[in-house]
Amino acid sequence: MTVTTRPADIAATDVPEASSPHAYDVGLLVLRLVLGLTLAAHGAQKLLGWFGGGGIEGTGQVFAMSGYPSGEAMAVIAGLSEVSGGLGLIFGLLTPLAGAAVLGTMINALAVKWGGGFFAPEGVEYEVLLAAAATGLALTGPGRLAVDRYLPGLRTHRLVYGVVAVVLAVVLAGLVLLIRK
């Protein structure tokens, strides 16, 4: 005689409680919004001088003093990367590339600030945290509460999209660092 167990016969304590997929989506949304708003505002400081930023001219001087050629052009590139990456994360639009844009700028920020230790005010803890969050979002995708959900190629996020975007960010950031004096 064979004994079969029906789902009703299993005690609630025998089955681990599964997390709601909606919890993941809301968590990813919060992470995207906070990171995206932070980076978009930081980029607006560079591009427009908003929020006490130096604008293109002031930021360009900082880039030039940090060893980058054509400081103002680098300020525009960094500012556009931060604003477009931030907005992409906010809306969940092309999320792997948005995360890569943030990661690339943070790699360069880490290279500039390296040597001051890990902790603030001279350290790199803030940049490491932003880079890690951007990389995580590029790899995991935006969740279901995102514009990507409505784009045919990105409707279902695949790990390979995130890996390719992260590799692209690392390669491009490395090329930018090669031109730094």
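This is a friendly dialogue on how to read some features of the predicted model shown above.

Reader: Before we start, what should I know about the numbering and the model?

Author: Residues are numbered from 1 along each chain as its sequence is written, and side-chain values use heavy atoms, with hydrogens and water left out. This is a predicted model, where local features need pLDDT of at least 70 and side-chain atom pairs count only at pLDDT 80 or more, while totals for chains, interfaces and linings use all residues.

Reader: Thanks. How many helices and strands are in the chain?

Author: Helices (H or I, at least four residues) and strands (E, at least two) are DSSP runs, numbered from the N terminus. Here the chain has six helices and zero strands, so the order of elements from the N terminus is written α-α-α-α-α-α.

Reader: What share of the residues is buried?

Author: Buried means under 20% relative accessible area, exposed means over 50%, and partly exposed is in between (1.4 Å probe, protein chains only). Of the 181 residues in the chain, 34% are buried.

Reader: And what do the contacts say about residues many positions apart?

Author: Contact means heavy atoms within 4.5 Å. Among contacts in the chain with a separation of 6 or more, 64% are between residues 24 or more positions apart. For a pair to look at, take Leu29 and Phe91: they are 62 residues apart in sequence, yet their C-alpha atoms are 8.9 Å apart in space. Leu29 sits in helix α1 and is partly exposed, at 24% relative accessibility.

Reader: How do I read a pair of aromatic rings?

Author: Such a pair is described by the distance of the centres and the angle of the planes. Rings of Phe, Tyr and Trp (its six-membered ring) pair if their centres lie within 6.5 Å; planes under 30 degrees apart are stacked, over 60 edge-to-face, and the rest tilted. That rule gives three aromatic pairs here. In one of them, Trp50 and Phe51 have ring centres 6.2 Å apart and planes at 90°, so the pair is edge-to-face. Trp50 is partly exposed, with a relative accessible area of 49%, whereas Phe51 is exposed at 59%. Phe63 and Tyr68 also form an edge-to-face pair, 5.3 Å centre to centre with 65° between the planes.

Reader: Are Phe63 and Tyr68 buried or exposed?

Author: Phe63 is buried, with a relative accessible area of 14%, and Tyr68 is buried too, at 4%.

Reader: How is empty space found, and how much lies in the largest pocket?

Author: Rolling a probe the size of a water molecule over the atoms shows where empty space is left. On a 1 Å grid over the protein atoms alone, a cavity is a set of points where a 1.4 Å probe fits but cannot get out; a pocket is an open set with protein on both sides within 12 Å along at least five of seven lines, and lining residues have an atom within 4 Å of a point. Grid points are joined across faces, edges and corners, and a volume is the space filled by probe spheres set on the points. The largest pocket holds about 770 Å³. Its lining has 35 residues, of which Lys46, Phe63, Ala78, Glu82 and Thr105 are the closest to its centre.

Reader: What classes of residue make up that lining?

Author: Ala, Val, Leu, Ile, Met, Phe, Trp, Tyr, Cys and Pro count as nonpolar, Asp, Glu, Lys and Arg as charged, and the others, Gly among them, as polar. The lining of the largest pocket has 20 nonpolar, eleven polar and four charged residues.

Reader: Which helix gives the most to the lining?

Author: That is α4, with ten residues. Buried residues of α4 include Val102, Leu103 and Thr105, and what covers the buried residues of α4 includes α1, α3, α5 and α6.

Reader: Which residues in the loops deserve a look at the backbone?

Author: The peptide bond from Ala120 to Pro121 is cis, with omega near 10°, and Pro121 lies in the loop between α4 and α5. Ser70, in the loop between α2 and α3, has a positive phi of about 50° although it is not a glycine; Ser70 is exposed, at 52% relative accessible area. Leu94, in the loop between α3 and α4, also has a positive phi of about 50°.
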